[in-house]
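User: Please take a close look at one part of this model, the strand pairing and the residues around it. I would like one connected account.

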Amino acid sequence: MAKKATLEGQLIASNKKAGRDYEILERYECGIELRGTEVKSIRSGRVNVADAFARVEKGQLFLYGCDIQPWETAGSWFQHEARRPRRLLAHKKEILKLEIRMAQRGFALPLLRMYWKNGKVKVELGTGRGKTHRDQRYDLKARAEMREAQREVSRFNKRSYTS
């Protein structure tokens, strides 16, 4: 009997722009309400989360800007819209906490990554404060310095082993 391939813990898509543009303070895991054709498109890797963000509206959490391409073999009756708002599934306390945080000025709720967990699609959101250009430059400089320091350490370790 052949083993069935599992998608457990497999990353579907990640939003690298969110880490660059926002200082992520907290992370939340949510489920997402999808139609059948959307799940098929996600399995085939036809999803883009670069501009995705969430909002709290009327006590519910919605995801905007997530682009899931239509499934090519589905008929027009079963087809989904590519950029429709999708409801996110989270606990009521978490939604209230997010609503309070989003009411403060300068905070956003970008989508960080989308992945499989227990056969279901999960979404990781982050509460983030927008970075200025100065903050972004500082992060680039710190990353370059860290890379240079690691390069020197590895170079030193190579010399000590060969001597």
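Analyst: C66 is buried in this predicted model, with a relative accessible area of 1%. C30 is buried as well, at 2%. The count of disulfides is zero.

C30 belongs to strand β2, which spans residues 22–32 and runs antiparallel to β7, joined to it by two bridges. In one of these contacts, I32 has L88 of β7 as its bridge partner. Strand β7 covers residues 86–89. Strand β5, residues 60–64, also pairs with β7 in the antiparallel sense, here over three bridges. L63 stands opposite R86 of β7.

The side chains of β7 alternate: R86 and L88 point to one face and are buried, whereas R87 and L89 point to the other face and are not buried. Such alternation between the two faces of the sheet is what a regular strand shows in general. R86, the residue opposite L63, is thus on the buried face of β7 together with L88, the partner of I32.

Ahead of β5 comes a loop that connects β4 (53–57) to β5 and contains K58. The phi of K58 is near 55°, a positive value in a residue other than glycine. K58 counts as exposed because its relative accessibility is 85%, and the cut-off for exposed is over 50%.

A phi near 55° also occurs at N118, again positive in a residue other than glycine. N118 sits in the loop between β9 (111–117) and β10 (120–130). N118 is exposed, with a relative accessible area of 59%.

How values were computed. Residues numbered from 1 in each chain as written. Predicted model: local features only at pLDDT ≥ 70, side-chain atom pairs only at ≥ 80, totals over all residues. Heavy atoms only, no water. Disulfide = S-S within 2.5 Å. Buried < 20%, exposed > 50% of the residue type's maximum accessible area, 1.4 Å probe, protein only. Helix = DSSP H or I, 4+ residues; strand = E, 2+ residues; numbered from the N terminus. Pairing = 2+ DSSP bridges.
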